[in-house]
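Here are my notes on this structure, set out as numbered points. I hope they are handy to read with the coordinates open beside you.

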Protein chains: 2
Amino acid sequence: MKLLDGKKLAQKRSAIVKSKLLETKKTRQPKLVVILVGQDEASQVYVKHKKNACERVGIDFELVNFKNSVKPKEVLDKIAALNKDTKVDGILIQLPLPSDWNEEEFLQAVDFSKDVDGFHYINQGKLYQGNETFVPCTPLGIIKLLEEYEIDLKGKNITIVGTSNIVGKPLIGMMINRGATVTACNKNTLDIKLHTKKADILVSATGSKFLITKKMVKKGAVIIDVGIIRDLKNKRLVGDVDFENVKKKVDYITPVPGGVGPMTVQILIENTIKAYNNNKK
Amino acid sequence: MKLLDGKKLAQKRSAIVKSKLLETKKTRQPKLVVILVGQDEASQVYVKHKKNACERVGIDFELVNFKNSVKPKEVLDKIAALNKDTKVDGILIQLPLPSDWNEEEFLQAVDFSKDVDGFHYINQGKLYQGNETFVPCTPLGIIKLLEEYEIDLKGKNITIVGTSNIVGKPLIGMMINRGATVTACNKNTLDIKLHTKKADILVSATGSKFLITKKMVKKGAVIIDVGIIRDLKNKRLVGDVDFENVKKKVDYITPVPGGVGPMTVQILIENTIKAYNNNKK
């Protein structure tokens, strides 16, 4: 069994981005603006990770933190202003927004050329038509992690458990674009095991602790665990996969933490650099 | 075994559209414009089907047939003019375009509110995020055909063979939106049978004659055949599925012709009416 070390790969890629950026002739730094509404604790942690990652490579990071009482119109106006601001390369709306807001309205308000999260309809449409431009960070992080370990996707049986708009669905599109045979399971799937057992590569993205057990995976498979759950018993972070038992049976597996998470943040950095390079043209 | 009679359902739905349209107070008819470049024989047949279907329900149909020698710019200018024309509700680019043209450029030039083929990135992105607006005609035709026969999709194992941008990929998204467990096979899939055998609903959209044989399908399955191939031996139209043998083993199957084809044209009609109703608002 070999660990798919997302932390290490993210560090390696981060160093490359940093040195490339240092070599680039520039009149200004790349800039990412994150919009956060309220004081959600998990969101604050995620935003801090993003800030650190930006500062590490030399991306100018700005957090616009609105109070929970802000009017939606004010946030939309801010997004419109950022869209026009030629010094801003990437705009990210930190989810969740207040529960009575329509998140789509805000995600779609971001100009698609600054959409470093890859959630704009135009970027999503391009992805599914095989023309990947700005694609969501977690799925692309997974692809890059598999590439690093030279795990080919073409012709492989890939099962994805969880079909969210943020991870599962775009990953399905990206795996199909790379010639994989893809099976997508969701909460209505009657017999998940039927589909996980035949997977050469299994991706679980449900946030359901230890959903994937040893008997559900194929011997020699590659396991990607997107879940991050705080285990209340011992306060550790755990994943969708029963790591300690599953690892004995498979060839490759991501740890939690240190697998997919760091890659997600790293791809955000790379998407921001991509937007910056486009913006300069 | 029961036939999934697309021809009959298309006629039924067409009659409903016609009578609704007659009842509607209107200052003008709905209008669909089809752009065709050159004299491709198959394209001309398809365009004629669309014209007939439009005229049957009371949609004004216009064909803009450019010569093969036309400059791309001229076609793009025409699309721009049609986008602005408030009397035009739907615009359809008949594919294929000349082989050295970039089809995407033309498909994306159509205003997304007149995109009755559902190929615009915005409409595609919405589809995959579960917000179906204008979606491609063949996949929606298949969904409507299954609905007509009260074949539920939630929790079903659905295998789709063929992942084109026009049929396979959007159908995957639409099936996932409806809670199905979806497996997508393509030309790299090593063992198609492994995936077709477990399918409660099997959709084949490859254009490969008799790819799907009796031993590849599950007893009692539902079979949707999107292929239309002219059998050179006896000049009949046949599909991806070995109909005569497969039909003995399954519960439902689409005939070729008379299954998916008529539904595709009918959904184009319904998308045009939808664009017309939006346009009136």
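1. Let me start with a salt bridge in chain A: the side chains of Glu62(A) and Lys31(A) meet at 2.8 Å, N to O. Please keep in mind throughout that this is a predicted model. Glu62(A) belongs to strand E3 (residues 60-66) of chain A and Lys31(A) to strand E2 (residues 31-37) of chain A, so the contact ties together parts that are 31 residues apart in sequence. As for exposure, Glu62(A) is partly exposed, with a relative accessible area of 28%, whereas Lys31(A), at 15% relative accessibility, counts as buried. Lys31(A) falls on that side of the line because buried means under 20% relative accessible area.

2. Strand E2(A), which holds Lys31(A), also has a parallel partner: E2(A) and E4(A) pair over four bridges. Within that pairing, Val33(A) has Ile91(A) of E4(A) as its bridge partner. Strand E4 (residues 90-93) of chain A is a nice one to look at in your viewer: Gly90(A) and Leu92(A) point one way, Ile91(A) and Ile93(A) the other way, and all are buried. This fits the general pattern that in a regular strand the side chains alternate between the two faces of the sheet.

3. Over all chains, the salt bridge count comes to 22. One of them in chain B joins the side chains of Glu148(B) and Lys12(B), at 2.7 Å, N to O. That pair links distant parts of the chain, with Glu148(B) in helix H6 (residues 137-148) of chain B and Lys12(B) in helix H1 (residues 6-23) of chain B, 136 residues apart. Both ends have some exposure: Glu148(B) is partly exposed at a relative accessible area of 34%, and Lys12(B) is partly exposed at 44%.

4. A local salt bridge is also worth a look. Lys73(B) and Asp77(B) meet through their side chains at 2.8 Å, N to O. The two are four residues apart in helix H3 (residues 72-84) of chain B, so about one helical turn separates them. In general, an α-helix has 3.6 residues a turn, so residues three or four places apart point the same way. Lys73(B) counts as exposed, at 55% relative accessibility, and Asp77(B) is partly exposed, at 40%.

5. Now to the interface. Chain A brings 35 residues into contact with 35 residues of chain B, and the area buried between the two chains is about 2,800 Å². Carbon and sulfur atoms give 56% of that area. On the chain A side, Tyr121(A), Tyr128(A) and Gln129(A) lose the most area to chain B, together 25% of what that side buries.

6. What kind of polar links cross between chain A and chain B? The rule finds zero salt bridges there, but 23 residue pairs are in polar contact. Several elements of chain A supply at least two residues each to the side that touches chain B: helix H4 (103-109), helix H5 (121-128), helix H7 (168-177), strand E6 (181-185) and helix H8 (192-196). H5(A) gives the most, with six residues. By class, this side of chain A has twelve nonpolar, 18 polar and five charged residues.

7. Of those elements, H7(A) deserves a closer look. Nine of its ten residues are buried, so to speak a mostly covered helix. Among the buried residues are Lys169(A), Pro170(A), Leu171(A), Met174(A) and Met175(A). After H7(A) comes Gly179(A), whose phi is positive, near 85°.

8. Strand E6 also takes part in pairing between the chains. E6(A) and strand E6 (residues 181-185) of chain B pair in the antiparallel sense over three bridges, and Val182(A) has Ala184(B) as its bridge partner. Which order do the strands of the open sheet follow? The twelve strands run E1(A)-E11(A)-E8(A)-E7(A)-E5(A)-E6(A)-E6(B)-E5(B)-E7(B)-E8(B)-E11(B)-E1(B), with mixed pairing. At the edges are strand E1 (2-3) of chain A and strand E1 (2-3) of chain B, each pairing on one side only.

9. One last detail from the chain B part of that sheet: strand E5 (residues 157-161) and strand E7 (residues 201-204) of chain B run parallel and are joined by four bridges. There, Val161(B) stands opposite Ser204(B) of E7(B).

Methods:
Residues numbered from 1 in each chain as written. Chains lettered and ligands numbered in written order. Predicted model: local features only at pLDDT ≥ 70, side-chain atom pairs only at ≥ 80, totals over all residues. Heavy atoms only, no water. Contact = heavy atoms within 4.5 Å. Buried area = accessible area lost by both parts, 1.4 Å probe. Salt bridge = Lys/Arg side-chain N within 4 Å of Asp/Glu carboxyl O. Polar contact = N/O pair within 3.5 Å; in protein donor to acceptor, adjacent residues only side chain to side chain. Nonpolar A, V, L, I, M, F, W, Y, C, P; charged D, E, K, R; others polar. Pairing = 2+ DSSP bridges. Buried < 20%, exposed > 50% of the residue type's maximum accessible area, 1.4 Å probe, protein only.
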